[in-house]
Amino acid sequence: MAGLSLIKMYSSDTDEDEQDEGKKEDTAKIINKLALPESILSWKGVAHHEEVIDDPLDHDGRIRSFKHERGNWATLVYINYAASDGLLAWMNSVLKELPVKGDVISELHISLSRTLILKFHWIESFAENLKLLCCRFNRFVLQLTDVRVYCNEEKTRTFLGIYCQNDDGILKCLIKALDDLLAEYQLPLYYEDTSYHISFFWCLGDQQTRLRKILPSLTSSLNEFLAENIEDNYRKVNEIQCKIGNKCYAFELR
């Protein structure tokens with residue numbers, strides 16, 4: 001109740017003229033002594049009265065799929081993918097074959113969820129529940145197969161990705177358990193038409209038609225590379241990552 005009492009000291013504008021100078025000075029001294037807790041001072045976020053204006057020019061023309069709001073944290077569950085130097089070289093080599101202009105993606109990953117909006121007060125419990133979920137599943141292996149084209153729901157960006165296959169079904173069961181967890185928080189589930197992939201190239205707009213024409217050539221080139229670099233065909237997955245705002249979590253599989 002002490003906090004409410006302090007608020008009352010400077011919330012009444014109508015009686016301000018009737019207060020004597022002594023009371024004003026006492027109130028000012030009390031307010032000046034109030035300091036924000038260290039835990040709040042360490043938070044990194046948007047100032048209370050600041051409105052975030054998203055300018056696509058600041059992000060190579062990319063448009064946010066949802067409005068930034070204080071207290072909402074962009075969240076993604078994914079598998080981190082550290083490509084070999086050889087695979088990175090192959091990704092860069094195919095740029096000259098593409099009929100559209102774009103960029104290679106530097107931070108490679110395999111998404112296991114949509115981009116989610118997590119409320120601040122959900123973060124701790126969500127991270128803990130995700131950790132417990134991962135403990136229930138064995139480590140598994142992904143195999144790289146072919147090149148496919150993808151487009152976001154807003155049709156503002158198109159991607160090229162390497163499709164990843166999991167033969168033992170562990171990843172499918174993991175996604176089902178993750179969807180059950182998301183449902184508890186009333187968050188959108190993963191796509192019904194699942195296609196696990198490593199996006200390595202993006203461009204603006206809906207360019208699916210143009211890029212689909214060269215998919216056979218890109219897949220042939222990828223398979224040729226994989227035949228010569230057997231170690232790049234498979235990747236063992238030991239942990240699942242989750243990025244919430246600017247903080248990353250890693251949860252080990254058993």
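**Entry 1: salt bridges**

Which side chain meets R114 in a salt bridge? I looked this one up before anything else, keeping in mind that the model is predicted. The partner is E153, with N and O 2.9 Å apart. I then checked where the two residues sit, and the pair turns out to link distant parts of the chain, 39 residues apart. R114 belongs to the loop between strand 3 (109-111) and strand 4 (116-119), while E153 lies in the loop between strand 5 (140-151) and strand 6 (157-165). E153 is exposed, at a relative accessible area of 57%.

My search of the whole structure gave three salt bridges. Another one joins R148 and D146, again at 2.9 Å from N to O. Here I noted a contrast in accessibility: R148 is partly exposed at 31%, whereas D146 counts as buried at 18%. The cut-off for buried is under 20%, so D146 falls on the buried side.

K176 and D180 make up a further pair, their closest N and O atoms being 3.1 Å apart. Both are in helix 6 (residues 170-184), and because they are four residues apart there, about one helical turn separates them. I have D180 down as partly exposed, with a relative accessible area of 39%, and K176 as partly exposed too, at 49%.

**Entry 2: a pocket beside helix 6 residues**

K176 and D180 came up again when I turned to the second largest pocket, as both are in its lining. I wrote down a volume of about 160 Å³ for this pocket. The other lining residues include K172, I175 and D179, along with Y190, Y191, E192, T194 and Y196. How do these residues divide by character? I sorted the lining into four nonpolar, one polar and five charged residues.

**Entry 3: positive phi**

Next I went looking for backbone oddities outside glycine. K155 has a positive phi of about 60 degrees without being a glycine. I found K155 in the loop between strand 5 and strand 6, the loop that also holds E153. K155 is partly exposed, with a relative accessible area of 44%.

Q186 is also a residue other than glycine with a positive phi, near 55 degrees. Its place is in the loop between helix 6 and strand 7 (197-204). Q186 counts as exposed, at 74% relative accessibility.

**Entry 4: strand 4**

Back to strand 4, to see which side chains are covered. L116 and L118 make up the covered face, and I117 and K119 the uncovered one. This fits the general pattern, since side chains in a regular strand alternate between the two faces of the sheet. I also looked up the pairing: strand 1 (residues 72-80) runs antiparallel to strand 4, and four bridges join them. In one of my spot checks, T75 had L116 as its bridge partner in strand 4.

**Entry 5: cysteines**

How many disulfides does the structure hold? I count zero. To see why C248 is unbonded, I took the distance to the closest cysteine sulfur, which is in C242: at 8.5 Å, it is too far for a bond. The cut-off is 2.5 Å between sulfur atoms. C248 is partly exposed at 47% relative accessibility, and C173 counts as partly exposed as well, at 45%.

Conventions. Residues are numbered from 1 along each chain as its sequence is written. This is a predicted model: local features need pLDDT of at least 70, side-chain atom pairs count only at pLDDT 80 or more; totals for chains, interfaces and linings use all residues. Side-chain values use heavy atoms; hydrogens and water are left out. A salt bridge is a side-chain nitrogen of Lys or Arg within 4 Å of a carboxyl oxygen of Asp or Glu. Buried means under 20% relative accessible area, exposed over 50%, partly exposed in between (1.4 Å probe, protein chains only). On a 1 Å grid over the protein atoms alone, a cavity is a set of points where a 1.4 Å probe fits but cannot get out, and a pocket is an open set with protein on both sides within 12 Å along at least five of seven lines; lining residues have an atom within 4 Å of a point. Grid points are joined across faces, edges and corners, and a volume is the space filled by probe spheres set on the points. Ala, Val, Leu, Ile, Met, Phe, Trp, Tyr, Cys and Pro count as nonpolar, Asp, Glu, Lys and Arg as charged, and the others, Gly among them, as polar. Two strands pair if DSSP finds at least two bridges between them.
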